[in-house]
Amino acid sequence: MEKCVHLIPYKLEEQLEMVNEIPKGVEIIQAPEIWSETKGQGITIAILDTGCDTDHPDLKDRIIGGRNFTQDDGGKSEIYEDYNGHGTHVAGTIAASLNNTGVAGVAPEANLLILKVLGKNGSGQYDWIIKAIDYAISQKVDIISMSLGGPEDVKELHDIIKKAVNQNILVVCAAGNEGDGEDSTDELGYPGCYNEVISVGAIDLERQSSEFTNSNNQVDLVAPGEKITSTYLNGTYASLSGTSMATPHVSGALALLKVLSNSDFERDLTVPELYAQLIKRTVPLGNSPKIEGNGMVYLTLLDHVKKVFDQKAVKALINI
């Protein structure tokens, strides 16, 4: 299977040598409000991307292992370094450690399994992704996060995703950046369009829909995806934009929700049950469901808020 899959195109807004902040996207989805209860400890997230800067001070303590499925470094499976920057940025948004400097991820105590499926040029083969998902299943991860996509509906990829979900693994995917801002047109990318995955669109830091975010009836929700500050190559930081940046906000949010929900229910919830817990914590922003799905992830939003307040009041509540 030689068909190629690529990074979803993204924009490098700014590169930074030093930062000291909780990124605004992490704050917008209310992750810090959950940290008193959990920071994602015990949850393992497999990131299928361009690898990771394994020596980055904000990430090195979160990485529990990894594997290279690409031809970089002569195809050596034990070397999963990032030469692109995209994978490192995604990893930081999910689980950058809560240190005195740098940035904090949504779930700063979650474990990261780095599965390199895209080479330094940002492209890879569907076979690599399929093998990586199968490996993630064997490692019994909790969540698979994929900020990648392609135009091909590949049966083998769909089948292995179904297998992961059947093994109670949440699969989170970027919706794609081919959008035109119109809900009357559908932009389809895979694996984001598969019904079994949680498909994530993007909004900006003012909670407005991103012009580039794909619209289709498989979009589940949206998260911040413009000018997102996170970890980058060689121990640095960068601000990037794209649905690739929105996706790790949801992957990290699910790590927090899985700990909370399993504790509340005193059992391991299934994928559909955890999906329901996630959707309960979304708020509509006034766009078509084809653009924003169920709305923006907002971790502290309680069920009764939706019942008591109309949409205008809910927007005022979260300072939109």
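The legends below describe an overall view and several close-up views of one predicted model.

Residues are numbered from 1 along each chain as its sequence is written, and side-chain values use heavy atoms, with hydrogens and water left out. Because the model is predicted, local features are given only where pLDDT is at least 70 and side-chain atom pairs only at pLDDT 80 or more, whereas totals for chains, interfaces and linings use all residues.

**Figure 1. Overall view of the chain, which holds nine helices and 17 strands.** Helices (H or I, at least four residues) and strands (E, at least two) are DSSP runs, numbered from the N terminus. The radius of gyration is 18 Å, close to the 20 Å that the globule rule gives for 320 residues, so the chain is as compact as a globular protein of that length; the radius is taken over C-alpha atoms, and the rule is 2.2 Å times the number of residues to the power 0.38. Along its principal axes the C-alpha trace spans about 60 × 45 × 40 Å. Of the 320 residues, 61% are buried, where buried means under 20% relative accessible area, exposed over 50%, and partly exposed in between (1.4 Å probe, protein chains only). Among contacts (heavy atoms within 4.5 Å) between residues at least 6 apart in sequence, 76% join residues at least 24 apart.

**Figure 2. Close-up of the largest nonpolar core, a set of 84 residues.** A nonpolar core is a set of buried Ala, Val, Leu, Ile, Met, Phe, Trp, Tyr and Cys residues joined through side-chain atoms within 4.5 Å. The members that touch the most other members are L48, I133, I144, M146, L157 and V250. Helix α3, which covers residues 126–138, gives the most to this core, with nine residues. Once residues up to four places away in sequence are set aside, V250 touches V172, I198, V200, L221, A223, L278 and V297. A second, separate core has 15 residues, including I28, V222, M245 and L301.

**Figure 3. Close-up of helix α2 (residues 86–95) and of N99, which follows in the loop between α2 and β6 (102–103).** The helix is mostly covered, with ten of its ten residues buried; among them are H86, H89, T93 and I94. N99, by contrast, counts as partly exposed, at 39% relative accessibility. Leaving aside neighbours within four places in sequence, N99 is in contact with P57 and D58. The C-alpha atoms of N99 and D58 are separated by 7.3 Å, although these residues lie 41 apart along the chain.

**Figure 4. Close-up of the cis peptide bond between Y190 and P191 and of two residues with positive phi, K140 and N168.** Most residues other than glycine have a negative phi, and most peptide bonds are trans. At the bond that joins Y190 and P191, omega is about 15°, and P191 lies in the loop between β11 (170–174) and β12 (198–203). K140, with phi near 55°, is found in the loop between α3 and β9 (143–146) and counts as exposed at 68% relative accessibility. N168, whose phi is about 70°, is found in the loop between α4 (155–166) and β11 and is partly exposed, with a relative accessible area of 25%.

**Figure 5. Close-up of Y275 in helix α6 (residues 271–279).** At 25% relative accessibility, Y275 counts as partly exposed. Its contacts, apart from neighbours within four places in sequence, are with I198, D220 and N294. Y275 and D220 are 55 residues apart in sequence and 9.8 Å apart in space, C-alpha to C-alpha.

**Figure 6. Close-up of two exposed loop residues, M18 and N121.** M18 is found in the loop between β2 (11–16) and β3 (20–21) and has a relative accessibility of 64%. The C-alpha atoms of M18 and L48, which are 30 residues apart along the chain, are separated by 26 Å. N121 lies in the loop between β7 (111–116) and β8 (123–125), with a relative accessible area of 60%. From N121 to L59 the distance in space is 22 Å, C-alpha to C-alpha, and the two are 62 residues apart in sequence.
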